[in-house]
Structures are given as structure tokens and as C-alpha cells.
Amino acid sequence: MWKGGEIPPLPRSREGNESPKSHSREGIARGRRASRRPEAGKPIHRKHTRGRKVLPHPVSHLTLIRIFRVCLLLLAFLAGVSVLSLVTGPAPIGIAAVFKGILAAVHFPGVSDPLTGAERTILYSIRIPRILLAGLVGAALSCAGVVFQGLLRNPLADPFVLGVSGGAAVGAIVAIVTGLGALPFGIPGLAFTGGLLSILLVWGLSGVTGDRRTDSTLLAGIIVNAFFSALIMFLVSITSGEQIHSVIFWLMGDLAMAGEKDILLAALFLVAGFAVMFLHARDLNVILTGEETALQLGISVKRTRMLLLISASLVTGAAVSVSGIIGFVGLMVPHIVRMLFGSDHRLLLPASLLFGGAFLMAADTIARIVLAPAELPVGVVTALCGAPYFAYLMKRSA
Amino acid sequence: MMPILELERIGFKYGEKRVLQDVTLTVEKGEFFGILGPNGSGKSTLLNLIDGIRLPCEGEIRLKGIAPGTMKRMELARLVAVVPQGASWVFPLTVEEVVLMGRTPHLSRFAFESEKDLAVARSAMEATEILLLAARLMETLSGGERQRVLIARALAQEPEVILLDEPTSSLDIAHQIRTFDLIRSLSRSAGLTVVSVTHDMNLAALYCDRIALLQEGRLHCLGRPGEVITESHIREIYGVSVVVDHHPLTGLPRVSLLGSHSPSQGSRWESGAAPQL
């Protein structure tokens, strides 16, 4: 067997045949990476390039240290957004007071609690749970978006557009209506089932094998979505108001309704789903270039695809069961992250997790303050920026 | 010595449509084997059977004595690499990222590419003259450059058998020659076995040790270029007249297309069969 190191160099006819245009992800687009590597496209490592510096070969592959760095950066960003979100709201509570209050609450020595009872309620019962929930839901939807986009090789895919969120919402409502929600994992469990069902439906509708075209996937998503939206409205309208939150909650998405237990459960689902996704991140990279190619490179595509569809439905189900249908987060976040850090899923997945969390926190903060003291459902905010973004992507990829 | 690849009375159907029938051939280790034939004669299907994407309906395939369909995908990928005709590049991937994907079958699930993997990918890029493009995005490359990236990825796989599906269709003549030179030198020096589907009979004649000519899923003939590429075979299979003479330097067969310049027959339209407009 021959080894790659022994590949004989080709007889080169003349000077390099490549025009040294620089088309790489560079500058802002891949800021940190670009700054570490020599400028792409310049002739490099050629003995016969007279008068040019012989530079090391340009680096564009992913390293563990880079994942670590990017995640640290995004973690700092997430922390910043959460602090901002914590001190923003209709009730004016200053940063210092918030910090002192929290420090006092964890019995930090020498700090007295400056918060009034009402302020404490606002902070601990409203803002903090809501911020945590926003982070969780944003992270879940973004990861699901990454996986759906990768598996379908479709930059316009997202749990909302594909109807997975709709299916999950129907599942959750059915759980509540039938009383199955009382079982452990009942509501998110059925939401997951509904989500999985709809993605399998979309998969089946959009083409039996191989080359699944962008528009047919999206059309299938529209059909599934319309059907599930109608089901949601039907189910909610035949149910008494006591049992179920409003139609608006499910159709537009809201972060104000979930309880502590729900949040914990959703977090559990997210952790499990994300673990499966991350373990298959490199497989997903290869699947990006085509399923047949992935097979030829040794990936068991069917198994990987099923596991990834299940885990993406799982995290979508978790998100939807606590927040209703929040659209376009799973579309925008993977795109922005891909533009910043590239398409390697080993970085894209954790980065989308963190950035998605921060993204929805920020969106929810806007939803809370823009009409203060009234509140908007956060889904309105994400749709208001998401739908134009979708249009922009569609135009660009056409 | 056992041939590296044996096909024994292979048959394949897509549903009711018969694509391959009774194909028997063997490929020796280190051989450069060409598959020629008209569109729809089953060439690409044959490659799909060898790389285990499809399973034969009849007959047996053995790759180093084992049926590819029964091997694990990882094992098979360490043995066989495929250079497809093209691929879609929906998402931004750099050249180096794509070439490094060739290392997938050599990596365990949790591993990152090691120095060795990077070195292998790098020499594959060097050999295909794309090292300068390493950090470029696939979508910004020309068709020929992309094709060379796919070849580099296959080389990075360090396979024992490489399957090429019209590898040179989007390359200019300089890169056609260089690509085939590279692949042949690998087969000569390192024992890489090459099975290449191609439409270019002159290139096939120049590089292949043996050529199989397929017609409607059957093996029409098999042999050295001089035995396979003849005027009569081409007329039988493609239904066109050509002149086959000898390459002035190598003595290998050289095919010249005639088009409507055929002195003997003339064009079909000229002989009075032209459609009434």
C-alpha cells in the first residue's frame, strides 16, 4: 500500500496556473482564523517562486484549541447578554443592586441585600427563569437548525420552516389535552414524537432518494406546517381555557409561561440531543458534500442520519414544549455562525449552541421592553427579523 | 497472485430495467484499467457495484477476496476511494477541509486530524497542485480546480483501489495529462490499482493497461488498448465511423473523429434522407 507522503510531485509545466485571487473566508468573516494564517491564495511553499517569501502552507483546518477559543469567546458574549438582559426591563433595577442582591442571595460574606421584596420577585421569579429559558430554547433551536441544514444540505432549513416545530407543538398540546402530560417526560416526550413525525413526513414528501431539491423540501415543509398549524388551532379551540395556554402561545412562541420543572426537563433533553449531535459532527461534515460521497468515505449514512434526525427532533420538541413555536432562530443563528467560523460542525454546533442562546436572550429582552409595560411574544421579534433574512438568503442562493 | 478485483457474471437491474448483464472481468493489483462505453451502457453502475453503494443482483464481486457489500463502510473506504464527477457545494468549505475529509476512514470518532493526517492531505494537495488553494472556499474555484480537489481527497484516503468516474471531463488538456500522469505514476510506483470510466478514447489508449468496452450492460470486449480500440468495435458500439491509426510516438491506437467528413459514407442527410422542412 502506498502512503500519501510518497505521492510524487507532478512535472509542472510552467509557473502556477492559479490566479492568486483571495477568495477565502477572511477578514471579518473568519477574523480570528484569518489573522493567524498567511493570506490565502498567495503562492506559498513553492521553491521556484522567485522573489517571493516561502511561507508555510496556509492553515484552514480546525483544531481543538480553536474550538476552545471560540467557545470561550462566545461564552463571554453569552454572559454579557445575560447580564444586560438581567438589568433590563420595565422595572428599573440597577446593575449594582442586581449584583449585590444575587451575591447576598448566595450568602456572599459582607454583602447586604439592597433589593425590595417586589424587586426580588421580579428578579428571581420573572427575569432569571425567563433568561434561562430563552438561552435554552435559543440554543436548542439553533442546534436543530444546524443539523437540519446539514442533513438536508439546504441553507433554508430550520425547525420552524420544515414544520418540525409545528409537529412538536401538536404533540405537546395532545399531551396536555389527553392528560398524558402528567406522566414523567409526557409533554416534551410527545412533542418530540410530533417533531420526529413531521420531519419524517417532510423527508418522505421531498423525494425518495438521493438528490433532494431545495424547493421540494421547502414545499413539503410548507404543507406539513400548514397542516399542523390548523391542527393546533383546532385542538386549542376545542379545549377549555383552563387546560391550555392561548393559541398565541403555541403559534407565536412565548417565554413567559414555563415553570421551573419544565425548564429543567427541557435542559435534560437538550443535553442528551446535543451530545448525540456533537458525536456525529464530523460525519455531518462529510454528509454536507453528498450522501453517496459520505458512504464512500466510510460513514454509515443511514444510521447517522436517523440518529441526527432523532436528536434534532428531540431538542426541538424540548424547546417547543416550553415556549411554543418560535420561528427563524434555527435559520439565522447557524448562518451567522457559519459566516463567522466556517462550516466544520465540530465548531459550528457548540458555537451555535452558545450564540443561539445569546441570540434569543437578546430577542426576548427586546420583546420585554419595546412596548413596556406590555410585552410582546418573543416569536414576533424573531419573525420580524427572521422573515426578511430568509428572503435575503433565498435571493442570494437563487 | 490473486487479482485485487474480481467480477464474476455480474448482473444488475434498476427495477425491471436491466443495466448490467453477465459481466466478468478481473483487475490486477497496480493495473490501470479503463471502462469505455456509450452513455447508459452501465459504466457508472459498475463503479457503484465495486464501491458497494449498490449490490449486484446476480453474480459475485470480490475485492481482495471479499464482497464489498459485506464489508463495513469504514473498511471499504480504507480500501477503495472514489472520485465522483462532481459534487454540490452548498455550504462554505475550504479546500483543505474537503481534502482532509479523505482521512475520515482513518480516524476514530473522537479523534482530530493528527499531524500525520495533515501531512498526507498536504502531499495529496501538492501532488494535484492545489496546495496554494488550501484556504480557498470550494464555491470560488473553477470546475477544473474542484475536480482536482476531489482527486486530492481520494488520494488522501490512501486507498489501494481508486475509482474514477470521468475524472477529466472538466479539466483542460494540460490538467488531463497531468492528472493521468499522476495517477499512473502512483499505480506504477506504489501499486495503486486504478479503475477509470472515461469517454476519451485517446486518453484511455494512452494510459490504460487494459480496457473494457461495455455495450448495453454487456461486456463487448476486453483487452489491451490496441485490441479494443479499433474502427470496427467503435462502429459496432457507437454507430459512428472513425479512423483509428497509430499514435506517431507511442504506437498506441489513435482515434480520429470524422463527423460529416467521412469520405466513404457521407452524411446521412446528404444521401437524400434529409427531413422535408
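1. I187(A) is buried, because 25 C-beta neighbours fall inside 10 Å and the cut-off for burial is 20 or more. This holds for a predicted model, as does everything below. I187(A) sits in helix α6 of chain A, which covers residues 186-205. With neighbours within four places in sequence left aside, the contacts of I187(A) are A172(A), A175(A), I176(A), G181(A) and S321(A). Y124(A) is 63 residues away from I187(A) in sequence, and the two C-alpha atoms are 25 Å apart.

2. Among the contacts of I187(A) are A172(A), A175(A) and I176(A), and these residues are also listed as buried in α5(A). Helix α5 of chain A runs over residues 164-178 and has 15 residues. From its first C-alpha to its last α5(A) reaches 21 Å, close to the 21 Å expected at 1.5 Å a residue. Twelve of the 15 residues are buried, so α5(A) is largely enclosed by the rest of the structure. The buried residues of α5(A) include V164(A), V170(A), I173(A) and the glycines G166(A), G167(A) and G171(A). Just after this helix, G179(A) has a positive phi of about 85°.

3. Which residues touch the most other members of the largest nonpolar core? They are V137(A), A140(A), C143(A) and V315(A), in a core of 184 residues. The element that gives the most to this core is helix α4 of chain A (residues 117-152), with 16 residues. Setting aside residues up to four places away in sequence, V137(A) touches L255(A), A319(A), V322(A), S323(A), I326(A) and L360(A). In soluble globular proteins, nonpolar side chains tend to be buried together.

4. Chain B contains ten helices and eleven strands. Its radius of gyration is 20 Å, which agrees with the value near 19 Å for a compact globule of 277 residues. Taken along the principal axes, the C-alpha atoms of chain B fill a box of roughly 70 × 45 × 40 Å. Of the 277 residues in chain B, 48% are buried. Among contacts in chain B with a separation of 6 or more, 64% come from residues 24 or more positions apart.

5. One sheet of chain B is open and has three strands in the order β2-β1-β4, with antiparallel pairing. Its edge strands are β2 (17-27) and β4 (58-63), each pairing on one side only. On average, neighbouring strands of this sheet are turned by 25° against each other, direction ignored. Strand β1 of chain B (residues 5-14) and β2(B) are joined in the antiparallel sense over seven bridges. Opposite L7(B) in β2(B) stands L25(B).

6. What is the strand order in the open sheet of six strands in chain B? The order is β5-β6-β7-β3-β8-β9, and the pairing is mixed. The edges are formed by β5 (80-83) and β9 (218-223) of chain B, each of which pairs on one side only. From one strand to the next, the twist averages 15°. Helix α5 of chain B (residues 143-156) packs on this sheet and touches β5 and β6 of chain B. The direction of α5(B) makes about 180° with that of β5(B).

7. Within the six-stranded sheet, strands β3 (residues 32-36) and β7 (residues 193-197) of chain B pair in the parallel sense over four bridges. The bridge partner of G34(B) in β7(B) is S196(B).

8. Two backbone angles in chain B should be looked at. Most residues other than glycine have a negative phi. K64(B) is not a glycine, yet its phi is positive, near 50°. K64(B) is placed in the loop between β4 and α2 (73-79) of chain B. K64(B) counts as partly exposed because it has 15 C-beta neighbours inside 10 Å.

9. The other such angle belongs to E166(B), a residue that is not a glycine and has a positive phi of about 45°. The loop holding E166(B) lies between β6 (161-165) and α6 (173-190) of chain B. Is E166(B) buried or partly exposed? With 18 other C-beta atoms within 10 Å, E166(B) is partly exposed, because burial needs 20 or more.

Key:
Residues are numbered from 1 along each chain as its sequence is written. Chains are lettered from A and ligands numbered from 1 in the order in which they are written. This is a predicted model: local features need pLDDT of at least 70, side-chain atom pairs count only at pLDDT 80 or more; totals for chains, interfaces and linings use all residues. Two strands pair if DSSP finds at least two bridges between them. Axes are lines fitted to C-alpha atoms, for helices over the stretch in contact, and angles run from 0 to 180 degrees between N-to-C directions. A nonpolar core is a set of buried Ala, Val, Leu, Ile, Met, Phe, Trp, Tyr and Cys residues joined through C-beta atoms within 7 Å. Two residues are in contact if their C-beta atoms, placed from the backbone, lie within 7 Å. The radius of gyration is taken over C-alpha atoms; the globule rule is 2.2 Å times the number of residues to the power 0.38. The expected span of a helix is 1.5 Å times one less than its number of residues.
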